[in-house]
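Me: I would like to learn how individual features of a protein model are read, beginning with a loop. Please give the general idea in each instance and then the case at hand.

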Amino acid sequence: MKDAGKSHKVNGRPSPETRKDRKSATGMSGSPKKGGHGGKFTWIGNGYEHFEIAMEHGAMDAKDPNFEDPAEIELDCPSSVKKQLATVFEVSLRTTVPDEPDVVPSVDACAAKSGVKFADYQCNNAMGIFAKIKGKQSGFRGPPAVGQAIVKNLPQSEMIESCSVAGPGFVNIVLSKKWIAERLERLLIDGIDKWAPRLPVKTVMVDFSSPNIAKEMHVGHLRSTIIGDTLARMLEFTHVETLIRRNHLGDWGTQFGMLIAHLFDTFPNPDDFNEAAIGDLQAFYKASKVRFDNEPEFKLRAQLSVVRLQSGEEKYRKAWERICDISKAEFEKVYQRLGVRLEAMGESYFNDLIPPTLDKLDKLGLIQEDDGARVIFVEGVNIPIIAVKRDGGYNYSSTDIASLWYRLNVEKLEWNIYVTDVGQWQHFDMLFKAFRHAGWLPKDENEFPKCTHVGFGLVLGEDGKRFRSRSSDTIRLVELLDEAKKRCKASLLERDAVKDWSEEEIEKTAEAVGYGAVKYADLRINRLTNYTFSFDQMLNDKGNTAVYLQYAHARICSIMRKSGKDIEELKQNGKIVLDHEDERALGLHLIQFPEVFEESLTNLLPNVLCEYLYNLTEIFTKKFYTNCQVVGSPEETSRLLLCEATVTVMRQCFYLLGIVPVYRL
């Protein structure tokens with residue numbers, strides 16, 4: 001149970017607003033004690049407050065190495081150009097240095113320098129190999145000689161147009177434009193699903209969003225919901241057998257005592273209690289909190305209401321269920337706007353599992369008595385996990401222990417991903433360490449089943465402080481999304497092009513562009529960093545914004561409509577030719593989608609995918625569209641197919657990012 005009125009939470013756990021001055025979970029006043037990271041102060045019982053507080057005051061950057069997630073998982077991605085090249089170079093390396101079987105091909109895509117790119121990919125093994133064989137009378141006089149040997153020993157491959165050695169043995173690789181074109185033709189016939197990598201596991205859960213009952217979803221929930229949905233979409237693209245989108249609702253605790261007591265006082269007849277009658281549930285919560293803090297008699301009745309609720313009295317159970325139902329209906333308004341699907345399983349589901357789970361840990365000798373509380377100490381951390389408070393009540397750690405045990409042992413989940421703010425990093429780090437100590441997770445963090453915390457930074461206002469309304473209240477998420485749509489609609493109505501549009505099309509376009517702009521502004525930056533929320537910036541049709549991407553997509557659709565050609569017929573009978581350098585640049589970028597997607601998912605970083613999509617749009621708009629006439633040109637068929645390949649990849653990126661594409665603007 002959580003202390004009434006002290007459990008304001010984000011993602012089903014305490015929010016930053018109430019961490020700073022709150023008493024510890026042991027019931028003691030929060031006295032500072034050195035934590036396990038950089039000597040910064042932390043408050044006993046919370047274990048992660050110093051991260052969020054330090055970040056908010058600029059004392060710590062979310063890019064701190066403590067927050068960097070390592071590569072999380074190895075994907076099977078046969079469509080990756082990089083991996084296909086690595087297979088070819090593997091043959092050469094075995095011939096070049098047969099006595100060095102541990103050498104692994106190092107192949108990477110080349111980046112342009114000063115706008116010039118001398119190759120498509122590069123093999124970078126020569127220097128490392130020479131360092132290993134130096135002094136072994138190998139016959140090589142330096143890395144360049146090793147590089148030359150690697151090129152000489154390459155097997156025939158239809159992928160490669162040419163190779164050359166540069167500098168200290170770097171092997172520059174130019175792909176065959178015929179091979180690139182054939183890859184694109186197969187994409188158009190087989191579909192982009194053929195490019196999807198495969199996970200080494202069958203069951204995955206993404207725990208995200210997780211708002212609290214009786215409270216409005218606000219901007220603090222925005223990042224978890226958007227990032228979590230995108231990661232879930234990326235995992236679904238891999239055709240994982242079971243993907244659970246878990247909404248760990250904050251639907252249990254002593255705060256429900258004050259809500260139910262206030263409810264019965266306000267509506268003596270429970271049948272009168274409904275969404276229309278109660279109005280603003282957030283205001284209802286605040287009113288009950290004021291009474292709890294100022295009316296001793298009400299506080300006593302609230303505490304008794306908790307006992308009656310937890311003992312299962314029907315009247316109290318029904319009141320609790322009604323409060324939950326009204327909250328869920330409000331949450332659904334946000335999820336409907338964002339196009340997010342979630343499966344709710346709140347804290348209440350795990351309440352009865354807490355005692356037996358803690359009993360198991362106790363029998364393993366992991367639980368200790370500490371100043372009246374029952375705690376779990378983990379290696380390398382000076383503060384414990386509070387499993388049971390001094391008053392015998394449970395907290396968010398108790399629930400997380402029980403829920404993780406359930407996920408591992410009942411649901412048999414192989415990969416558990418938790419998407420919350422970086423301030424909760426230490427909480428989850430300690431939880432996972434405790435489970436490894438108990439033998440409930442493998443000692444090796446890279447073995448399955450495994451758990452991963454996906455952290456993200458704060459949403460800031462343009463003043464550099466936490467994003468709030470002018471009255472200093474947290475901004476309701478529904479209002480924020482509706483404002484984005486409203487601004488997009490106003491912008492659309494200023495355009496002559498929409499005069500013949502129906503009201504329905506205008507509404508749907510405003511929603512797609514507005515909601516997509518909010519999502520993309522969040523996803524395009526590294527999730528570990530704080531970002532500044534700005535409608536003006538995210539709704540700009542120039543620069544790295546969703547609006548710019550939508551305009552580019554609509555432009556391509558317009559080109560294809562104007563051609564009057566049957567694109568499906570062209571797919572079956574047409575050929576792609578990449579004779580112009582900008583055709584080739586576009587084709588090369590398109591076939592690199594699988595390896596970029598692999599990088600993005602491996603590191604759970606959606607911004608990598610956003611950068612790819614933006615660069616694709618730039619190549620199409622500023623190179624191909626500018627320099628390669630499509631309709632009416634001798635190359636029309638080939639270039640229309642390139643347009644179709646481009647929108648195929650763009651739409652897949654849009655889908656993964658949760659953005660609905662528009663076909664005209």
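**Reading the features**

Me: Where is the place of S210?

Reply: S210 is found in the loop between β9 and α6. Helices (H or I, at least four residues) and strands (E, at least two) are DSSP runs, numbered from the N terminus. The model is predicted: local features need pLDDT of at least 70, side-chain atom pairs count only at pLDDT 80 or more, and totals for chains, interfaces and linings use all residues. Residues are numbered from 1 along each chain as its sequence is written, and side-chain values use heavy atoms, with hydrogens and water left out.

Me: Which sign does phi of S210 have, and is the residue buried or exposed?

Reply: A residue is buried under 20% relative accessible area, exposed over 50% and partly exposed in between (1.4 Å probe, protein chains only). Phi of S210 is near 50°, which is a positive value in a residue other than glycine. S210 counts as buried because its relative accessibility is 1%. S209 lies in the loop between β9 and α6 as well; its phi is positive, about 75°, although S209 is not a glycine. With a relative accessibility of 0%, S209 is buried.

Me: How should the confidence of the model be read?

Reply: pLDDT is the predictor's confidence in each residue, from 0 to 100. Where it is low, the predicted coordinates should not be read in detail. Here the average pLDDT of the protein is 88, and 88% of the residues score at least 70. Over residues 1-11, pLDDT stays under 50, and the model has 63 contacts beyond four places in sequence for them; a contact means heavy atoms within 4.5 Å. Residues 14-71 also stay under a pLDDT of 50, with 136 contacts beyond four places in sequence.

Me: How do the side chains of a strand point, and what is the case in β9?

Reply: In a regular strand the side chains alternate between the two faces of the sheet. In β9, T203, M205 and D207 point one way, V204 and V206 point the other way, and all are buried. Strand β9 (residues 203-207) is largely enclosed by the rest of the structure, because five of its five residues are buried.

Me: Which strands pair with β9?

Reply: Two strands pair if DSSP finds at least two bridges between them. β9 pairs in the parallel sense with strand β10 (residues 242-247) over five bridges, and T203 has T242 of β10 as its bridge partner. β9 also pairs in the parallel sense with β15, over four bridges; there V204 stands opposite W415.

Me: Which handedness does the unit of β9, α6 and β10 have?

Reply: A crossover is right-handed if, with the strands pointing away from the viewer, the path from the first strand over the helix to the second runs clockwise. β9, helix α6 (residues 222-237) and β10 form a right-handed β-α-β unit.

Me: What can be read beyond the end of β15?

Reply: V422 sits in the loop between β15 (415-421) and α15 (425-438). V422 counts as buried, with 2% relative accessibility. Its C-alpha is 6.0 Å from that of G457, although the two are 35 residues apart in sequence. In the loop between α15 and β16 (450-456) lies P449, and the peptide bond from F448 to P449 is cis, with omega near 0°.

Me: How is the span of a helix read, and what is the case in α7?

Reply: The expected span is 1.5 Å times one less than the number of residues. Helix α7 (residues 255-266) has twelve residues and reaches 17 Å from first C-alpha to last, close to the expected 16 Å. Ten of the twelve residues of α7 are buried, so the helix is mostly covered. Its buried residues pack against α9 (281-294), α10 (296-310) and α11 (314-338).

Me: Which residues does T96 touch?

Reply: T96 belongs to helix α2 (residues 81-96) and is buried, with a relative accessible area of 9%. Leaving aside residues up to four places away in sequence, T96 touches F140, V146, A149, I150 and N153.

Me: What describes the protein as a whole?

Reply: The protein has 24 helices and 18 strands, and 57% of its 665 residues count as buried. Of the contacts with a separation of 6 or more, 75% join residues 24 or more positions apart.
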